[in-house]
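Visitor: I'm new to this one and would like a friendly tour. Could you show me how to read it?

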Amino acid sequence: MPAPHTRGSFAADFEILEAIGRNVDELVERFVPAGAVQKTVRRWLLGHAEPPESRDALLWLMTLAADLELFTPSASGRTLVDRHLNRNPPSSKLERAAREALAAAEFRLVRIIGREGPEVVVLKDLISQEGLRLLDARIAPEATGLSSAMRLCPLASGRQVLITPLFALDEECLAHAMKFARPGQPLSHRCATNLYRDVARRGFLPIPKTRLSQDTEALLSGLSASEAELSEVEHLAMHWIGAKDEMEDLVLAARQLASVDNLVDACGLYGQAGPHVQAGLKAAFERIADLQVETLVQRARASVHGQASALDAAAAAIAGHVARGEMEASGQELFQRLRLRWTFASARPSANSAAAATELDRVIQRIQGLRAKTVDRGCTEEEAMTAAAKVAELLDRYELTLDEITVKGSACEGIGVETGRKRRAPVDSCMSSLAHFCDCRAWSEENEAGELRYIFFGLKLDVEAARFLHGLIELTFETESAVFRRGEIYQELRGGDRRIALNSFQTGLANGISAKLMTLKSSRQGASRRSSGFDLVATKHKVVDEEVEKLGLNFSHRSTTTRRYVHGDAYAAGKAAGAQFEPNAALAG
């Protein structure tokens with residue numbers, strides 16, 4: 001456990017950055033032929049520009065060419081990086097984090113917004129308009145407003161690591177590159193190929209660089225004058241006192257920083273801050289700690305992995321620091337006061353009336369009773385469909401009694417569902433439509449064993465229904481896959497063709513179930529609006545979105561470019577089977 005006013009997770013991110021660099025160097029040295037790189041550079045320049053006399057400029061061009069070699073997709077859609085990472089499993093937790101970040105690298109067009117302390121630069125993705133935080137101490141404040149192209153690796157902390165050289169783009173180059181943009185899609189490899197060629201021919205445009213260590217003491221303002229760098233909590237506090245109001249992005253940043261280490265850091269800095277520190281700094285540390293305690297309590301209620309014991313771990317760490325004289329007792333008192341406040345607040349009953357709460361518990365008990373008779377015990381497909389129809393009927397009947405005030409006053413919670421799998425499967429593509437059907441949010445994470453688990457988050461009844469229907473979908477996949485294996489299509493095939501056919505069938509089954517859920521949801525939503533007199537779904541979504549924001553989690557959308565062979569007949573059979581999934585057939589009568 002780090003001391004209460006150290007650099008937080010910056011040190012861990014810099015270790016990952018170095019590990020990513022080692023992986024890239026190894027890949028270039030072992031697998032990228034020098035002749036291929038030189039050939040690419042010559043092709044860029046031939047007939048357009050003379051080779052640069054500067055050794056640094058030539059090395060810069062060769063690095064761009066090597067980047068193309070690493071990320072050029074083959075006929076199967078896999079790059080040299082993909083193949084290397086698949087063949088060589090990580091040997092440590094650090095190596096695993098580095099390889100996951102490298103595997104998720106994206107080519108982006110960005111604009112430099114400005115610095116956020118000595119280590120972080122704020123960028124804006126010019127395609128998605130997403131805000132990005134780049135871990136880089138080189139870019140000077142004078143670079144603000146410049147455009148650039150960067151291949152960035154996302155880290156678990158939410159920051160990005162750059163693995164290509166720094167250079168600026170003029171407006172003509174940028175405009176040409178923007179022609180490759182497609183809404184909702186990452187930039188293609190073709191964009192990088194054309195952009196690198198244009199930049200090579202037009203000449204290198206440098207980005208201003210500087211050393212920021214000379215500014216550190218001014219930023220510290222009396223806090224730990226011996227420290228060479230600020231922690232993430234200190235960075236945020238400095239921004240906080242400079243803001244006129246408590247802006248939404250500062251609140252979100254505090255929630256995203258929520259962790260045991262950063263909470264301990266905030267409490268320690270609060271206790272350390274005496275009358276000599278900059279005005280408003282102590283209050284900023286208290287507010288950051290307050291938001292982090294609230295966020296950790298909310299994450300525990302949402303069943304986010306590893307968060308149930310976060311406050312206990314923070315309490316133990318703070319007590320240890322105080323006992324060793326590393327933290328002032330006032331920091332511990334702040335933590336205890338905040339923990340009591342938010343633990344009590346989360347335990348208070350929601351604004352539901354007693355009658356509504358009783359009805360809710362009764363409906364949940366009936367759903368749990370159905371689960372005991374189906375998913376937990378095993379059942380036929382017909383029994384599963386009958387149970388699913390009953391769940392949908394119970395949901396709709398309960399929603400008829402809801403009013404807008406009751407929904408807005410309801411508390412949200414999360415339920416974690418373990419899959420027991422380390423790899424994704426076709427059934428996972430049903431999760432988004434399942435969550436939509438149940439008016440909740442869903443995301444995936446890994447448990448300590450590296451196994452996939454899903455979190456369903458929303459109103460209490462909705463997440464209970466989502467867990468039940470998730471079990472039924474898993475059961476449907478087992479039943480229908482067994483039937484398919486006994487069928488004519490599968491039996492006529494051998495070896496690898498059987499695996500392809502089974503995967504095709506399950507992919508079709510997932511698409512069929514998802515399409516059915518989306519269609520049925522549309523009809524249910526219209527019926528609910530007519531009966532209740534207000535848009536129940538929109539109200540629910542607003543409540544759930546507000547509560548999700550309080551979790552301070554960094555979500556990323558998983559995309560795949562892997563191409564797979566598909567057995568057409570098997571896929572069609574799976575899609576037809578999926579269309580038979582009837583979660584609310586009882587309502588059609």
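Guide: We'll go through a sheet, then ring pairs, then charges over rings.

Guide: First, the ground rules. This is a predicted model, where local features need pLDDT of at least 70 and side-chain atom pairs count only at pLDDT 80 or more, while totals for chains, interfaces and linings use all residues. Residues are numbered from 1 along each chain as its sequence is written, and side-chain values use heavy atoms, with hydrogens and water left out.

Visitor: Let's start with the sheet. In what order do the strands of the open sheet come?

Guide: Helices (H or I, at least four residues) and strands (E, at least two) are DSSP runs numbered from the N terminus, and two strands pair if DSSP finds at least two bridges between them. Here, three strands make an open sheet in the order S6-S8-S7, paired antiparallel. S6 and S7 are the edge strands with a single partner strand each, so one side of each has no neighbour in the sheet. On average, neighbouring strands are turned by 25 degrees against each other, direction ignored; axes are lines fitted to C-alpha atoms, for helices over the stretch in contact, and angles run from 0 to 180 degrees between N-to-C directions.

Visitor: How many bridges join S6 to S8, and how many join S7 to S8?

Guide: Seven bridges link S6 (residues 412-418) with S8, and six link S7 (residues 441-446) with S8. On the S6 side, Cys 412 has Leu 459 as its bridge partner, and Glu 418 stands opposite Arg 453. On the S7 side, Trp 443 stands opposite Ile 455. The hairpin of S7 and S8 has five residues between the strands, and Gly 450 there takes a positive phi near 80 degrees.

Visitor: Is S8 mostly covered or mostly open?

Guide: Buried means under 20% relative accessible area, exposed over 50%, and partly exposed in between (1.4 Å probe, protein chains only). In S8 (residues 452-459), eight of the eight residues are buried, and the strand is mostly covered. Helix H19 (residues 460-485) lies across S6 and S8, at about 145 degrees to S8; contact here means heavy atoms within 4.5 Å.

Visitor: How is a pair of aromatic rings described?

Guide: By the distance of the centres and the angle of the planes. Rings of Phe, Tyr and Trp (its six-membered ring) pair if their centres lie within 6.5 Å; planes under 30 degrees apart count as stacked, over 60 as edge-to-face and the rest as tilted. This structure holds five aromatic pairs. One of them is tilted: Trp 443 and Phe 457, 6.0 Å centre to centre with 40 degrees between the planes. Trp 443 belongs to S7 and Phe 457 to S8, so the pair ties together parts 14 residues apart in sequence. Both Trp 443 and Phe 457 are buried.

Visitor: Why is the pair of Phe 484 and Tyr 490 called edge-to-face?

Guide: Their ring centres are 5.9 Å apart and their planes stand at 65 degrees, so the pair is edge-to-face. Phe 484 and Tyr 490 are both buried, and ring pairs link them with Phe 505 into a cluster.

Visitor: Which ring does the charged end of Arg 151 sit over?

Guide: A charge sits over a ring if NZ of Lys or CZ of Arg is within 6 Å of the ring centre and within 35 degrees of the ring normal. The charged end of Arg 151 sits over the ring of Phe 71, 4.1 Å from its centre. Lys 282 lies over the face of Tyr 270, at 4.1 Å from the ring centre.
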